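Q: I'd like a close look at a single part of this one, starting from one spot and working outward through whatever it touches. Take your time and keep it chatty.

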Amino acid sequence: MTTQAQDTSVRAQTVVDVPIERAFALFTEEFDSIKPREHNLLAVDIAESVFEPREGGRIYDRGVDGSECQWARVLAYEPPHRVVFSWDISPQWQIESDPDKSSEVELRFIAETADRTRVELEHRNLDRHGDGWESERDGVGGEGGWPLYLNRFAELAND
């Protein structure tokens, strides 16, 4: 897995030993197993993280009390090659309700062989978040951000 932060974007990638269709399905359908429970904006513990697999879908956490916290919107859903979602979280790690102040996360799934897939992640337009966006870039690009998600994804794929 490699990570790179450049200006207003963070890039990371990993390679998994599964076919492209399986890699895409694992990320979108098993997102609950990838997202760490401690990454939580709810007032209660997370019961599950939900990735609605369609353009216009939501990505949200459901609390143990049934409350929900939507933190992303699915902007493009093109199985098994590409998914793009908004990042509706401010540099203060609170929900950002203004779509013009949201960044975007794109994942591309590239078949290297019939049983091996490279996943490239780009979190871009982080400067849209306004003041403090650099700390958000550093957070999502740091070891507790996208590298952690991709490592958890790779562990799930390679089990």
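A: Quick definition before we start: helices and strands here are DSSP runs, at least four residues for a helix and at least two for a strand, numbered from the N terminus. Bear in mind, too, that this is a predicted model.

With that in hand, let's start at E55, which sits in the loop between β3 (46-51) and β4 (58-63). Its relative accessibility is 57%, so E55 counts as exposed, the cut-off for that being over 50%. Being exposed doesn't leave E55 without partners: setting aside neighbours within four places in sequence, E55 is in contact with V74, L75, A76 and Y77. For a sense of scale, E55 and S97 are 42 residues apart in sequence and 19 Å apart in space, C-alpha to C-alpha.

Y77 is a handy stepping stone, since T28 touches Y77 too, along with F51, again not counting residues up to four places away in sequence. T28 belongs to helix α1 (residues 20-29), and here the picture flips: at 2% relative accessibility, T28 counts as buried. What does its side chain reach? The T28 side chain comes to 3.0 Å from the backbone oxygen of F24. T28 has company in being covered, as seven of the 10 residues of α1 are buried; besides T28 they are I20, A23, F24, A25, L26 and F27.

F51 and F27 then lead us inside. Both are among the residues with the most contacts within the largest nonpolar core, a set of 35 residues, and F85, L107, F109 and F153 share that list. Helix α4 (residues 146-157) gives the most to this core, with six residues. As a rule, nonpolar side chains tend to be buried together in soluble globular proteins. F109 ties a good deal of this together: leaving out neighbours within four places in sequence, its contacts include I20, A23, F24 and F27, as well as F153. R82, V83, R118 and V119 are also among the contacts of F109.

Back to the strand on the far end of the E55 loop: Y60 is in β4. At 5% relative accessibility, Y60 counts as buried, and its side chain makes a polar contact with the side chain of R62 at 3.0 Å. Y60 and S49 are 11 residues apart in sequence, yet their C-alpha atoms are 5.8 Å apart. Beyond four places in sequence, Y60 touches E48, S49, V50 and E52, and also E68, C69, Q70 and W71.

W71 carries us one step further, to D88, which has W71, A72 and R73 among its contacts. D88 is in a loop as well, between β6 (82-87) and β7 (103-113), but unlike E55, which counts as exposed, D88 counts as buried, with 6% relative accessibility. The D88 side chain makes a polar contact with the side chain of R73 at 3.0 Å. D88 and S102 are 14 residues apart in sequence and 5.1 Å apart in space, C-alpha to C-alpha, and S102 is one of the contacts of D88.

One last stop is the largest pocket, with a volume of about 230 Å³. Of the 15 residues lining it, H39, W87, I89, W93 and Y149 lie nearest its centre. The lining has eight nonpolar, five polar and two charged residues, and α3 (133-141) and α4 each supply at least two of its residues. So α4 turns up twice on this tour, here and as the element giving the most to the core.

Notes. Residues are numbered from 1 along each chain as its sequence is written. This is a predicted model: local features need pLDDT of at least 70, side-chain atom pairs count only at pLDDT 80 or more; totals for chains, interfaces and linings use all residues. Side-chain values use heavy atoms; hydrogens and water are left out. Buried means under 20% relative accessible area, exposed over 50%, partly exposed in between (1.4 Å probe, protein chains only). A polar contact is a pair of N or O atoms within 3.5 Å; within protein, one must be able to donate a hydrogen and the other to accept it, and residues adjacent in sequence count only if both atoms are side-chain atoms. Contact means heavy atoms within 4.5 Å. A nonpolar core is a set of buried Ala, Val, Leu, Ile, Met, Phe, Trp, Tyr and Cys residues joined through side-chain atoms within 4.5 Å. On a 1 Å grid over the protein atoms alone, a cavity is a set of points where a 1.4 Å probe fits but cannot get out, and a pocket is an open set with protein on both sides within 12 Å along at least five of seven lines; lining residues have an atom within 4 Å of a point. Grid points are joined across faces, edges and corners, and a volume is the space filled by probe spheres set on the points. Ala, Val, Leu, Ile, Met, Phe, Trp, Tyr, Cys and Pro count as nonpolar, Asp, Glu, Lys and Arg as charged, and the others, Gly among them, as polar.
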